[in-house]
Amino acid sequence: DFSMAKPNSNAPDAIAVMQATISMRDNSLSSPIPAGSGSILVYLQARQPAPDTDFAKEKDQLGAIEGENSRTLAFVEWLRGEREAAGIRVLAP
């Protein structure tokens, strides 16, 4: 079992498992995720809502993180558009 609220960071590939669940829906299986010994699949059975007391304690911090993520995403999208408009291509190594 994994939880963003109580991460099991001692488990192998715990961060990769938790990151995989961010965009998953309940009762879904992830694509293969590279892991130390090969690949892993993550099955998300269900998301459990956070208790109201936990949310109240973390609300300000979550708001700050969401704001930073929104600014970063807006910048990345702006940069992509400007590169496209200028005809600049970024070549992958």
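Me: Buried means under 20% relative accessible area, exposed means over 50%, and partly exposed lies in between (1.4 Å probe, protein chains only). What percentage of the protein chain counts as buried?

Reply: Of the 93 residues of the protein chain, 14% count as buried. The model is predicted, so local features need pLDDT of at least 70 and side-chain atom pairs count only at pLDDT 80 or more, while totals for chains, interfaces and linings use all residues. Residues are numbered from 1 along each chain as its sequence is written, and side-chain values use heavy atoms, with hydrogens and water left out.

Me: How many helices and strands are there?

Reply: The protein chain has 2 helices and 4 strands. Both kinds of element are DSSP runs numbered from the N terminus, with at least four residues of H or I for a helix and at least two of E for a strand. Along the sequence, the order is α-β-β-β-β-α.

Me: And how much surface does the chain expose?

Reply: About 8,100 Å² is exposed, and carbon and sulfur atoms supply 56% of that area. Accessible areas come from the Shrake-Rupley method with a 1.4 Å probe; for residues, only the protein chains shown count as cover.

Me: Which residues make up the largest nonpolar core?

Reply: The largest nonpolar core has 6 residues, namely V17, A20, M24, I33, V42 and L44. Such a core is a set of buried Ala, Val, Leu, Ile, Met, Phe, Trp, Tyr and Cys residues joined through side-chain atoms within 4.5 Å.

Me: Let us take V42. Where is the place of V42?

Reply: V42 sits in the loop between strand 3 (38-40) and strand 4 (43-44). V42 counts as buried because its relative accessibility is 7%.

Me: What is V42 in contact with?

Reply: Contact means heavy atoms within 4.5 Å. Setting aside neighbours within four places in sequence, V42 is in contact with V17, A20, T21, M24, S28, L29, S30 and I33. V17 is 25 residues away from V42 along the chain, and the C-alpha atoms of the two are separated by 6.5 Å.

Me: Which residues does M24 contact?

Reply: With neighbours within four places in sequence again left out, M24 is in contact with L29, S30, V42, Y43, L44 and R47.

Me: S30 appears in both lists. Is S30 buried or exposed?

Reply: S30 counts as buried, because its relative accessibility is 12%. S30 is found in the loop between strand 1 and strand 2 (33-35). Apart from residues up to four places away in sequence, S30 touches M24, L41 and V42.

Me: What about L29, buried or exposed?

Reply: L29 counts as exposed, because its relative accessibility is 55%. L29 has its place in strand 1 (residues 28-29). Together with L41 and Y43, L29 forms a nonpolar patch on the surface, with about 350 Å² of accessible area in total. Patches are made of residues with over 30% relative accessible area and no salt bridge; like charges are joined within 9 Å, and nonpolar side chains (Val, Leu, Ile, Met, Phe, Trp, Tyr) within 5 Å.

Me: Strand 1 also holds S28. What does S28 contact?

Reply: Beyond its neighbours within four places in sequence, S28 is in contact with V42, Y43 and L44. In addition, a polar atom of the S28 side chain lies 2.5 Å from the backbone oxygen of R25.

Me: A change of topic: how many salt bridges are there?

Reply: The count comes to 3 salt bridges, where a salt bridge is a side-chain nitrogen of Lys or Arg within 4 Å of a carboxyl oxygen of Asp or Glu. Side chains of opposite charge can pair when their charged atoms come close.

Me: Which residue pairs with E68?

Reply: E68 forms a salt bridge with R71, with the closest N and O atoms 3.2 Å apart. E68 and R71 both lie in helix 2 (residues 52-86), 3 residues apart, about one turn of the helix. E68 is partly exposed, with a relative accessible area of 41%, whereas R71 counts as exposed at 52% relative accessibility.

Me: And which residues form salt bridges with R80?

Reply: E77 forms a salt bridge with R80, the closest N and O atoms being 3.2 Å apart. E84 also forms a salt bridge with R80, at 3.3 Å between the closest N and O atoms. Salt bridges that share partners thus join E77, R80 and E84 into one network. E84 and R80 both lie in helix 2, 4 residues apart, about one turn of the helix.

Conventions
Polar contact = N/O pair within 3.5 Å; in protein donor to acceptor, adjacent residues only side chain to side chain.
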